[in-house]
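Biologist: I am new to this structure and would like to go through it slowly, one question at a time. Could we begin with its charged pairs and then turn to its core and one of its sheets?

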Amino acid sequence: MTGSRLSATSVTQAPQPIQVVTAETLQAQGVTQVVDLLDRIPALQSSTSSAQAGGGAAVLNLRGLGSARTLTLVNGRRYVAGVPGSASVDISSIPAGLIERVEVLTGGASAVYGSDAVTGVVNFILKDDYEGTEVTVQGGLSGEGDAEEFYVSLLHGQNFDNGRGNFTIGVQGNERSALYYEDRSFSRDNGTYDDYTNPALFFQVGDPIPADRTLANTRGRTILLGGAPRYAGTDAGLLARARSAAPRAFIADPRFSISSTSGLIGIDLDGDGFADPAGSFSNPRVNADCLTSRNGQQGFGCYTVDPVTGAFRPFQDGLYAGSSNQSGGDGAAQTFNRQSLLPKESSYSLNFTANYNISTFFNPFVEASASWSKGTNYSPYNSYDDSIPISLDNPFIPADLRALVAAEIAADPSVAGTARIALSRDHADVIDPESESDRRTYRAVVGTRGELDLGWKYELSFNYGRTEQDTRFPVRLEDRFFAAVDAVTDPVTGQAVCRSTLDPTAAPPISGLYPEFGGPVPNPFQTFTPGAGSECRPLNLFGFGNVSPEASAFVGPRVTDTALIQQTVVSGYLSGDLERWFSLPGGPISFAIGGEYRKEQSDFDPNDFDEQGVTFRYATTAAVSGEFEVSEGFAEISLPLLADLPFAETLTLNAAARISDYSNIGNTETFKADLVWAPVRDLRFRGGVAKAVRAPNIAELFTPLQTAGFRPIDPCSAENITQGSSTREANCRADLARYGVTVGTIYDFEDPLTAQFFGAAGGNPDLQAETSDSWTAGLVFQPRFLTGFTLTADYWNIKIENAIAAVSGQDIVNSCYDAPSITNQYCALLSRDDRPGSLTQGGLDFLQQSQVNFAGLEASGVDFDVQYRLDMETFGKPEWGSLALGVGGTWIEDRNNFPFVADPSQANPVKEELNSPEWVVNTSVRYTVGSFTAGLFSNYQTRQTRAGVEIENTVSFDAPWNDPIWTHDASLTWDIDGRSDLIVGVNNLTDKEPFLSSVATPVSPRGRYFFVRFSKKL
């Protein structure tokens, strides 16, 4: 039984709480990817389902405390990781068709299994010693007639040499078709919701305008300023609306309003790199056009190209939701119709097990497996640019725009040498949106087990696992992008070409908002050779969908990142009892002792372009390579103190300990102890304590500093200046002065950034092991007077200290400015834009982050399970069949993180946030009569916040909660002839949709799903 190398006959006799999912349950619910059922177990609520994985690794996460703290085993042994640099196993590489059962153990188990079993263990028990041949096929599709899936498996096992040996072979294949955002009404046309500043706080088009104001100088501004009306004479209804509005709200069709996927186009007459605002032009039409939007009024750009008609026209605003966010309008959408909701996936596996009982002492065995999986994703959005300078000889400039610029030059010839176009754009059509991930997992276990003369048993095994991963995707090469944008007309052919093709010395201009440069790049031709015969192809960014395939291929070549993960484990143990020498009143003492050697290796190799730092924003991705070894010794003991006595049917004390010697962090020690007391046969109490550890993984230790994006809230922005310590304002003033920013007597600095900036993040070779303390206490009730009834209830409590985490960007900037002075370790990790005259001067432009041991996590609650099987034969009606009822779930008492460096004791509550509801309940009803079994499986989750809402900030949101939800799966099984089964089922029977601001939580986006499954034993 999971959790011990000493025998226990059932989960009800185990000293620690164990939940079990059987193969029958997997089959009845049409499960082909086992993680899709496991993440409905309350303890695994935060796991990554296949829909959430998006073609990547599906990993388990016990209690929401992190996948790195959940140990996944197969047949009680470690399984190679599926995520480079970590110990997290890709569950999709474990074939569902071979699973006999899955056991989920809560509580620290490092004393038994070693590092990573901090919150518990998930153990997949696979079928072996199988005899016969079984073929299973399954097909399914959604209620919309899409999201098709096909599954087939073959299992063959055979005994030989009069039953002394057995081999079992399993083959499995699974194909899933893709699903796109346009395929579902809740996601179509950028339909997913996001939380923005509440539009009710702003003057909107159509609202009454105060006297002496105009729409142009009112729209998009807050109705209130400091709690009072911003403008005298504001309509009373507007004031009431603003005063009653929460600060934030979830809105449909969310857009970034100071850019566009079709281009936000401005005219830059003075050549400063930025669009000129309304009022800067001699042509009244242009000034009027610019006044139709806030962008034009403020100098971000006045025009766009209609994505449907292709017409050049003024930019149109949507519903204002902050300085750079809107609902609707021409701003850049967050999602796209041809974006993957579910990736196209295929997976295949081959498994082989064999054992041969040569003698009682010597029974060699082998387990070998290979799995292959491929996921294909489409994500159109890939990069963005603000204020790209476009020269007036660019042939792609729309004719109407060219005429407007020509008129300005005619009115003021002095701008002829400086005038150009400024184009801001979020790119969703520049490079190929397809990415592919191929993973190959191989594992082999060879060993022997047997029984010694004393009745003691032993096992020796060698376990080698290997995961290979290739990820193929396009990258934007910066030198190529800007060279392709800088297009001219070839005087010979009359066709559009890159300027650098005609003039190899012509370095293309780059946006002034590029914080790294603000002008021509240091080396404008790093990845190609300009001049005649150049592979450069001109890029048309005016409008949407005008990029030629040749330009796309030139700007965004496809590359491959590779990863290799290897695990080697040599282990052995001896178990038995001491009955020959002495026994306790409850029976003989049982023991297990053993040792284990383990080596973990992980290598990640990025493509050459990313490693050279020539991709988007000149970011770099470094190779990550590392390994460590650990040698361990462990022991378990079971002391049956009393048995078969009044009020002591059973009283047993169990204990385990492990000592580990790591090649990188030194020694660790773990232990556990638990007690089982059954005063009578019907009632059993159990409880235990454990100390567990998690050693830092390879990524946390060895990842070098490399480019990472950040966008913390700036504590020095005026709206946040009073939200910190008493020294925050003085520190902000002093730091901003270093960057040439003068702050007024009344503090008036506002964060000038409109997008993330780039810094560096990496690992830390000085990390130490995490530690956790956990305890459980519970009971098992199986009354003799009610045959078939079982009740289990267990309280669990887990506290993790010295947890490994990266100090968040927000904590770094807050800690910098809330310290007594700016001379501190946190201010040394950040910098601001010091370029005089830059639109982002004073804004954060760099931040450095690394992993440290500082965080804490805690979780506590109660798991419960009630099972009752009623055979109608009891009432003399065997023809009425049998009824099996089940109710199980989890109540979360507490769930907190402690991520704050400045105050490690300050809790960040997680309970009732997304994926951490207070109650999760699973119910099952199975009624069998004759050869038919009908099943209904239901899942209930209480309310939880919407994505991005922290429980302590719910009052700041207009509608922060997702309602409680019931989902139901139903199936009917027909046992045709004792060797053939037909199952028809419907998952998500009531066609529930994902939560408002999610696309795969708590249900798959495919919706109601029908399946048919047929199995035949040959």
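Modeller: Please keep in mind throughout that this is a predicted model. A first residue to look at is Arg466, which counts as partly exposed at 25% relative accessibility.

Biologist: Which residue meets the side chain of Arg466 in a salt bridge, and is that residue buried or exposed?

Modeller: The side chain of Arg466 meets that of Glu468 in a salt bridge, at 2.8 Å from N to O. Because buried means under 20% relative accessible area, Glu468, with a relative accessible area of 19%, is buried.

Biologist: What parts of the chain does the salt bridge between Arg832 and Asp735 tie together, and how many residues apart are they in sequence?

Modeller: In this pair the closest N and O atoms are 3.7 Å apart. Arg832 is buried with a relative accessible area of 2%, and Asp735 is buried as well, with 1%. Since Arg832 belongs to strand β42 (residues 830–832) and Asp735 to helix α14 (residues 728–738), the pair ties together parts whose separation in sequence is 97 residues.

Biologist: Where in the chain do Asp385 and Arg476 lie, and how many residues apart are they?

Modeller: Their side chains meet in a salt bridge at 2.6 Å, N to O, and Asp385 counts as buried at 1% relative accessibility, while Arg476 is buried with a relative accessible area of 3%. The pair links distant parts of the chain, with Asp385 in strand β24 and Arg476 in the loop between β27 (457–474) and α9, and the two are 91 residues apart.

Biologist: Which element gives the most to the largest nonpolar core?

Modeller: That core has 40 residues, and those with the most contacts inside it are Ile265, Leu401, Phe481 and Leu539. Several elements each supply at least two of its residues, among them β24 (383–390), α8 (399–411) and α11 (549–555). With five residues, the element that gives the most to this core is α9.

Biologist: Which residue of α11 (549–555), beside Val555, is in contact with Leu539?

Modeller: Leaving aside neighbours within four places in sequence, the contacts of Leu539 include Phe396, Val430, Phe481 and Val547. Within the span 549–555 of α11, the contacts of Leu539 are Val555 and Ala551.

Biologist: Which are the edge strands of the open sheet that contains β14?

Modeller: Four strands form this sheet in the order β18-β19-β14-β20, with antiparallel pairing. Three bridges join β14 (residues 254–256) to β19 (residues 325–327), and the partner of Phe256 in β19 is Asn325. The strands that pair on one side only, and are therefore the edges, are β18 (319–320) and β20 (332–333).

How values were computed
Residues are numbered from 1 along each chain as its sequence is written. This is a predicted model: local features need pLDDT of at least 70, side-chain atom pairs count only at pLDDT 80 or more; totals for chains, interfaces and linings use all residues. Side-chain values use heavy atoms; hydrogens and water are left out. Two strands pair if DSSP finds at least two bridges between them. A nonpolar core is a set of buried Ala, Val, Leu, Ile, Met, Phe, Trp, Tyr and Cys residues joined through side-chain atoms within 4.5 Å. Buried means under 20% relative accessible area, exposed over 50%, partly exposed in between (1.4 Å probe, protein chains only). Contact means heavy atoms within 4.5 Å. A salt bridge is a side-chain nitrogen of Lys or Arg within 4 Å of a carboxyl oxygen of Asp or Glu.
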